[in-house]
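Here is a short briefing to read alongside the structure. Take a look at the fold and the ligand first, then come back for the details.

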Amino acid sequence: MASLGPTLSSTISRLNLLAELSHNHNTIRIFRALSCSLKPQKSSYHRRLFKSSFSSANSSSSTSNCSKTLGSDLVFNDNLVVLGIETSCDDTAAAVVRSNGEILSQVVSSQADLLARYGGVAPKMAEEAHSQVIDQVVQDALDKANLTEADLSAVAVTIGPGLSLCLRVGVQKARRIAATYQLPIVGVHHMEAHALVARLCDRDLQFPFMALLISGGHNLLVLARDLGHYLQLGTTIDDAIGEAYDKSAKWLGLDLRRSGGPAIEELARQGDAQSVKFSVPMKQHKDCNFSYAGLKTQVKLAIESKNIDAGIPFSSASIEDQRLRADIAASFQRVAVLHLEERCERAIQWALEIEPSIKHLVVSGGVASNQYVRARLHEVVARNSLQLVCPPPSLCTDNGVMIAWTGIENFRLGRFDPPPPAIEPEDCQLDLRPRWPLGEEYGRGRSVARSMRTARIHPSLTSLTQASEYQSS
Ligand code: KG4
Ligand code: ZN
């Protein structure tokens with residue numbers, strides 16, 4: 001388990017509201033007192049939150065595409081309305097969600113043009129792009145929900161993992177709103193949000209369940225035991241699958257304005273998936289970890305060997321050249337997804353040994369919006385008598401709904417911070433967690449191939465949850 005010593009504030013306060021205090025005995029007492037006052041049943045925010053603060057007529061503005069009310073065993077009569085803000089990477093997103101699972105609004109401003117121009121995320125430019133649109137995105141989300149900030153119960157915001165510069169933009173915005181309207185604030189783990197949004201979509205989805213989280217920066221196989229409790233069965237030892245899609249698309253000269261994944265998915269439909277013999281990664285490692293760096297290199301070499309010039313956009317290439325590119329896209333996708341299938345198959349066996357009651361595999365994150373990925377993983381779960389839960393594509397790629405929903409789930413358990421002070425110094429140290437593991441590693445899943453790149457910076461969400469539960473018990 002990760003060391004908990006230096007992170008006392010994190011075990012209690014999700015955002016570093018008392019950042020200026022040092023960890024002396026006095027501080028510990030203050031934190032303990034704060035921790036108690038944060039319990040919903042005792043806090044003044046609780047009283048405010050549990051009165052209905054908006055008229056039910058507002059629900060007519062719902063834009064939900066996943067708006068099933070939760071099953072009776074999960075219904076909470078708390079009537080919360082939470083604003084979720086997401087700026088961890090290249091999308092600026094906000095949404096307003098009600099605690100019965102109703103999505104009141106969802107707004108995403110994508111940096112696709114920047115991505116297409118630079119072929120990847122440039123942190124400084126991404127930060128600037130977030131700063132330019134954050135106010136408008138949040139305002140649009142409130143307008144579409146027919147609400148104002150004063151109607152909100154809480155603000156939820158991604159505090160990690162992600163790019164520090166980008167996370168800061170969202171966290172500062174969330175804190176400004178929370179301070180002005182005296183709202184509690186929930187700091188959200190981006191990958192927990194990708195997993196938990198499935199519980200908004202599927203009324204039968206109870207803990208424990210398995211989750212495969214596949215995005216641009218992460219490739220995680222976890223056993224979700226409870227809120228805040230995740231056992232990591234596998235992760236990537238180098239690149240995530242989304243990164244491999246993005247780079248392959250760039251090298252194939254595809255139009256990146258919708259990001260590389262959808263471009264490869266579309267082109268792969270026209271290609272012969274058996275034509276290029278790429279090898280499946282990590283065959284010799286009988287674990288649940290992933291590697292996509294080698295497959296990326298194989299794609300690059302295949303492109304070079306066929307004399308494809310990525311400088312010539314796909315649309316301007318000859319018919320024969322287009323066919324070669326489609327074959328590479330299809331062959332890449334087949335092997336990239338085969339790697340997912342093999343690891344999932346093994347992870348399901350491991351997970352069922354640990355928790356025989358598991359019934360669902362959640363597949364979420366940007367790459368989970370891919371129809372081929374969904375179809376192949378559907379076969380895997382069916383073979384193992386499980387059910388696949390895939391949120392709709394708009395909730396798989398980064399969005400504010402998943403942040404708002406995870407905020408609601410955490411808020412109910414008292415895992416939130418009080419409103420920030422009205423006036424905060426410019427240089428106020430925020431608790432941003434750019435490298436923040438979700439779960440504790442499962443012993444059998446530890447990879448000998450793991451590089452130093454995966455060294456931890458922040459204790460995992462799971463170890464923090466365990467520590468705060470221990471302290472309050
Ligand atoms: O979860 P996400 O929106 O952002 C991160 O947290 O990284 O995932 C973005 C990734 C990108 O690599 C993008 O190319 C990939 O998801 N992606 C897809 C598809 N849609 C998005 N990959 C394959 N097929 C898709 N249809
Ligand atoms: Zn994501």
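A good place to start is the ligand, where a backbone N or O atom of D398 lies 2.9 Å from an oxygen atom of ligand 1. Taken alone, ligand 1 exposes 550 Å², and the protein buries 90% of that. Please keep in mind that this is a predicted model, so these values are computed from predicted coordinates.

**Around ligand 1**

- Helix 7 (190-201), helix 8 and helix 9 (260-268) are the elements that give two or more residues to the shell around ligand 1.
- Helix 9 provides the largest share of that shell, with four residues.
- There are 20 residues around ligand 1, and those that come nearest are G216, D246, E265, G366 and D398.
- H190 places a polar side-chain atom 3.2 Å from an oxygen atom of ligand 1.
- In the case of G261, a polar backbone atom is 3.0 Å from an oxygen atom of ligand 1.

**A look at helix 10**

- Helix 10 covers residues 293-305, and its 13 residues should span 18 Å at 1.5 Å a residue. The C-alpha atoms at its ends are 19 Å apart, which agrees with that expectation.
- Which residues of helix 10 are buried? They are L295, K296, V299, A302 and I303.
- These buried residues cover an arc of only 125° around the axis, and therefore they sit on the same side of helix 10.
- On the other side of helix 10, L301 and S305 are exposed.
- What covers the buried residues of helix 10? The cover includes helix 8 (241-251) and helix 11 (319-354).
- Helix 8 thus appears twice in this briefing: it is part of the cover over the buried residues of helix 10, and it also gives two or more residues to the shell around ligand 1.
- Just after helix 10, N307 takes a positive phi of about 55°.

**The chain as a whole**

- The protein chain has 15 helices and 11 strands.
- Of its 473 residues, 58% count as buried.
- Among contacts in the protein chain with a separation of 6 or more, 76% are accounted for by residues 24 or more positions apart.
- The accessible surface of the protein chain comes to about 19200 Å², and 51% of this belongs to carbon and sulfur atoms.

Notes. Residues numbered from 1 in each chain as written. Chains lettered and ligands numbered in written order. Predicted model: local features only at pLDDT ≥ 70, side-chain atom pairs only at ≥ 80, totals over all residues. Heavy atoms only, no water. Expected span 1.5 Å × (residues − 1). Buried < 20%, exposed > 50% of the residue type's maximum accessible area, 1.4 Å probe, protein only. Arc of directions from axis to C-beta. Contact = heavy atoms within 4.5 Å. Areas by Shrake-Rupley, 256 points an atom, 1.4 Å probe, with all protein chains shown as cover. Near = heavy atom within 4 Å. Polar contact = N/O pair within 3.5 Å; in protein donor to acceptor, adjacent residues only side chain to side chain.
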